[in-house]
Amino acid sequence: MEFADYKSLVFALVKPPAKITQARRLKNKAEYAALLNEATTKNLLVYYAEALVKDGREYAKQPWRLDSDSMPNVNVVEQPQEQTEPVGLKCPFCGKKMSSTSGITLHVKSKHPDKLDEHLQIS
Ligand SMILES: [Zn+2]
């Protein structure tokens with residue numbers, strides 16, 4: 001994210017879902033890049049808010065906003081691979097994978113002779 005004025009903002013490193021581990025002020029883009037890098041390394045999100053100075057103390061003006069640049073670091077859930085295994089090409093009795101239907105029949109004949117009749121009825 002590009003910010004016009006880093007000095008007017010407070011940045012926070014946030015451990016998902018919402019635990020602020022560290023809030024800090026930045027002076028420039030280089031410090032921001034370092035922060036983003038730190039977030040990536042530690043799997044943290046970067047939030048930012050307007051800095052508010054009141055009675056000589058600094059506050060972060062709510063609400064905190066999420067820096068979308070830090071988003072890819074977290075919640076990257078790997079999609080489960082789709083099952084492309086062809087249906088029916090495995091032994092219905094023990095689940096052993098076969099390359100052909102005739103292979104299954106041969107397998108059933110030798111490994112599950114008592115199930116052969118049942119198998120031939122199914123197929
Ligand atoms: Zn089998």
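## Model and confidence

pLDDT expresses the predictor's confidence in each residue on a scale from 0 to 100. The structure described here is a predicted model, and the protein chain has an average pLDDT of 84. A score of at least 70 is reached by 85% of the residues. Among the elements of the protein chain, helix α1 has the highest confidence, at 93. The lowest confidence belongs to helix α3, residues 116-122, with a mean of 83. Where pLDDT is low, the predicted coordinates should not be read in detail.

## Overall architecture

Three helices and four strands make up the secondary structure of the protein chain. Along the sequence they succeed one another in the pattern β-β-α-β-β-α-α. The protein chain comprises 123 residues, of which 14% are buried. Of the contacts with a separation of 6 or more, 41% join residues that are 24 or more positions apart.

## The sheet and its hairpin

The four strands form an open sheet with antiparallel pairing, arranged in the order β2-β1-β3-β4. Strands β2 and β4 (57-66) occupy the edges, each pairing on one side only. From one strand to the next, the twist averages 35°. Strands of a sheet pair through backbone hydrogen bonds, either parallel or antiparallel.

Strand β1 covers residues 9-15 and strand β2 covers residues 19-25; six bridges connect them in the antiparallel sense. Together β1 and β2 form a hairpin, with three residues between them. Within this pairing, K15 stands opposite K19 of β2, while V14 has I20 as its bridge partner in β2.

## Helix α1 and the nonpolar core

Helix α1, formed by residues 29-42, lies across strands β1 and β3 (45-54). The helix runs at about 135° to β3.

The largest nonpolar core contains 13 residues. Those touching the most other members are A12, L13, V14, A39, L45, V46 and Y47. Two or more residues of this core come from each of β1, α1 and β3. Y47 has contacts that reach well along the sequence: leaving out residues up to four places away, Y47 touches A12, V14, W64, R65, L66 and D67.

## Two charged positions: K27 and E50

K27 is located in the loop between β2 and α1. This lysine counts as exposed because 9 C-beta neighbours lie inside 10 Å, and a residue with 12 or fewer is classed as exposed. Apart from neighbours within four places in sequence, K27 is in contact with Y6 and K7. The C-alpha atoms of K27 and D5 are 8.5 Å apart in space, although the two residues are 22 residues apart in sequence.

E50 belongs to strand β3. With 14 C-beta neighbours inside 10 Å, E50 is partly exposed, because this class lies between the limit of 12 or fewer for exposed residues and that of 20 or more for buried ones. Beyond neighbours within four places in sequence, the contacts of E50 are S8, L9 and K61. E50 and R65 are separated by 15 residues in sequence and by 9.4 Å between their C-alpha atoms.

Key:
Residues are numbered from 1 along each chain as its sequence is written. This is a predicted model: local features need pLDDT of at least 70, side-chain atom pairs count only at pLDDT 80 or more; totals for chains, interfaces and linings use all residues. Two strands pair if DSSP finds at least two bridges between them. Axes are lines fitted to C-alpha atoms, for helices over the stretch in contact, and angles run from 0 to 180 degrees between N-to-C directions. Two residues are in contact if their C-beta atoms, placed from the backbone, lie within 7 Å. A nonpolar core is a set of buried Ala, Val, Leu, Ile, Met, Phe, Trp, Tyr and Cys residues joined through C-beta atoms within 7 Å.
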